[in-house]
Structure formats: C-alpha cells, structure tokens
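Please find below a short note on the structure, set out as numbered points. The ligand site is taken up before the enclosed space.

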Amino acid sequence: MTDAYAVIGNPVAHSKSPEIHAAFARHTSQAIVYKRIFCEPDAFVETVRAFQAEGGKGLNITVPFKHEAFEFATKKSARAEQAGAVNTLVFNHEGVLGDNTDGAGLIRDITVNLRCALRGKNLLLLGAGGASFGVVGPLLAEAPCALVIANRTLSKAESLVQRFSKHAAGCKLCASTCAALPPKRFDVVINATSAGLSGDMPALPENVFIPGALAYDMVYGKVTPFMQFARRHGAQGVDGLGMLVEQAAESFFIWRGMRPETAPVIAALREAQRGS
Ligand code: ATR
C-alpha cells in the first residue's frame, strides 16, 4: 500500500502542501499520496483517528488545529514543546509523535535561501500570536544581538518574552508595542501578524529599517502592505513562500528520512504565482 499523508485544516482548500509534497516525492522517487482534509472545528480528534485507522502515516496541521495536535500527540519533540504547538504528526508503532517545523522553515529560508545570517543582528518580530510562538525559540538559537517582540496588545508580547527568557542567553529579548518601539533600526523585521491577510499592517515608524534590511512577511502569495512599506523605506520585502516550502521539506525529512531539494519547488511556485 502507498504511504498516505495529508494536511488537515479549516480552511484547507488553499493549501499548497499537496503540490509541494508531490514535487518532493517525485524528486526523491518516494511513492506517497498526500491529500487535503477539511475538518469541522470540533471534529479534530475523530478526523485524525479515522485517517490513522485507514493506515495514514502522517499529517501536517494548519490553522486552527496546531494546539489540538499538540494535545493529541503522545510524544513531542523539544521544538514542539518550546512552541506549544504541533504542525507535523507521525503515526508509528511508538504512538503519535508531534513536531513543529515552522521555525526551522523560517530560519532555513532566511539564512540559506536569502543568505542572511542572524548571528549578532538586531531582530524585530511583529505579532505575538501562534505564528510568533513557533519561531521565537529558533530565532533565539541563531544568537542574535537583540530580539524585540512588538505587538498591538503589549501583554501578549510580554508573555511571549517571559516564556522564552530562559532561552535568550546573550540576546537582549524584550517586548514592546509597535507604536512605542525603542529608537533603533533593525537588520531584520519579521511580520508574524495576520494583518496582511486583511490588507493591513502594524503601525511602524518609517526609520525602523537599516538600509538594505530584510523585511520578511510570513504571509505568502501576495505583496502585502508590510512588504510595500519595507520597499518604500529601503528594505528588501520578501514573502513567506520559502518558509512554506522549507517547513514542508522538514516534515518530509521527518516522515521519509530524506531531505528534498527545495529551490526548484520554490521557483515553480513563484512561476505559478506570476502566471495567476
Ligand atoms: P495566529 O495564531 O495565526 O498568529 P492570532 O493568534 O490571532 O493568529 O494572532 C494574530 C497576530 O496578529 C496577533 O499578534 C495580533 O495582534 P493582537 O494580539 O493585538 O490581536 C496581530 N494582528 C492582527 N491584525 C492586526 C493588525 N491589523 N495590526 C496589527 N496587528 C495585528
């Protein structure tokens, strides 16, 4: 029987994961099938159990089920524990392993694909929701000089800082609102808010970027107001397509034990985006 995988979410129709994993499977000559599973908000556990009972080998988890997947896993990786969320499940004889590949995907896209080292840099992370939770630990592991977490609601940024303070080592980790940022220019600004989805962006001072800074929006598939703002103010505005493919590659590695090439898949998705 061909090994079966899927992405589960609500909504899920827009997910590019099936195309990405099909490309990985072709490139690595792995025989797998990968589908989308739409799940009603209160049906996560029964839907996952049904997929498992059919012989499913693993799942990617997307909005809004990453916390439920965390609870469902019987064993969790250190990075899943750190994030408090799971985006990859593995079903095997040991039970249900939960992992989180979002942070690894972001770091790989920034440091390898975009060739932007984070060590010693001043980083600004916008947002303190689920997307930020998954990436703070991996960002700190890159040993930046400072990481400011800025959020519209200060208390959420503060609790994120508190949660990760023991992982900060030599990095200055602090919380702020977007409006009251310290008077400082940043080398890398990462937008992990959902503002771009509604055509909005966090209110940022115009001098937030060093010249040529990297302005990374985790949203993909469109030029967001944040990316436009960044480009107007001397920064390089990049979307999250590379992160999407890299987190998928990390999941593929967990499931199949081999690392697919990501550059051709990113290039093909960019090409498709231009055509649409
Ligand atoms: P997710 O789990 O997908 O990250 P979330 O937990 O709802 O979603 O978090 C969304 C993040 O985007 C939050 O940091 C939110 O700020 P608040 O905590 O103040 O709500 C931020 N966000 C959403 N819309 C925004 C906007 N228009 N401007 C600034 N921040 C916004």
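**Ligand site and internal cavity**

1. In this predicted model, the ligand is surrounded by 14 residues, of which Gly-130, Asn-151, Arg-152, Thr-153 and Lys-156 come nearest. By class, this shell consists of seven polar, four nonpolar and three charged residues.

2. Oxygen atoms of the ligand take part in polar contacts with the protein. A polar side-chain atom of Thr-153 lies 2.5 Å from a ligand oxygen atom, and a polar side-chain atom of Asn-151 lies 2.6 Å from a ligand oxygen atom. At Ala-128, a backbone N or O atom is placed 2.9 Å from an oxygen atom of the ligand.

3. How much of the ligand's accessible area does the protein cover? On its own the ligand has 650 Å² of accessible area, and the protein covers 71% of it. The place where the ligand sits is the largest pocket.

4. A separate topic is enclosed space. Rolling a probe the size of a water molecule over the atoms shows where empty space is left. The structure has one cavity of 30 Å³ or more, and the largest cavity holds about 50 Å³ of space.

5. Which helices each supply at least two residues of the lining of the largest cavity? They are helix 4 (78–83), helix 5 (102–113) and helix 6 (130–141). Helix 6 gives the largest share, four residues.

6. Residues lining the largest cavity include Arg-79, Gln-82, Asn-100, Phe-133 and Phe-164. The lining as a whole divides into five nonpolar residues, five polar residues and one charged residue.

Technical notes
Residues numbered from 1 in each chain as written. Predicted model: local features only at pLDDT ≥ 70, side-chain atom pairs only at ≥ 80, totals over all residues. Heavy atoms only, no water. Near = heavy atom within 4 Å. Polar contact = N/O pair within 3.5 Å; in protein donor to acceptor, adjacent residues only side chain to side chain. Areas by Shrake-Rupley, 256 points an atom, 1.4 Å probe, with all protein chains shown as cover. 1 Å grid on protein atoms, 1.4 Å probe; cavity = no way out; pocket = protein on both sides within 12 Å on 5 of 7 lines; lining within 4 Å. Sits in = over half its atoms within 2 Å of the grid points. Nonpolar A, V, L, I, M, F, W, Y, C, P; charged D, E, K, R; others polar. Points joined across faces, edges and corners; volume = space filled by probe spheres on them.
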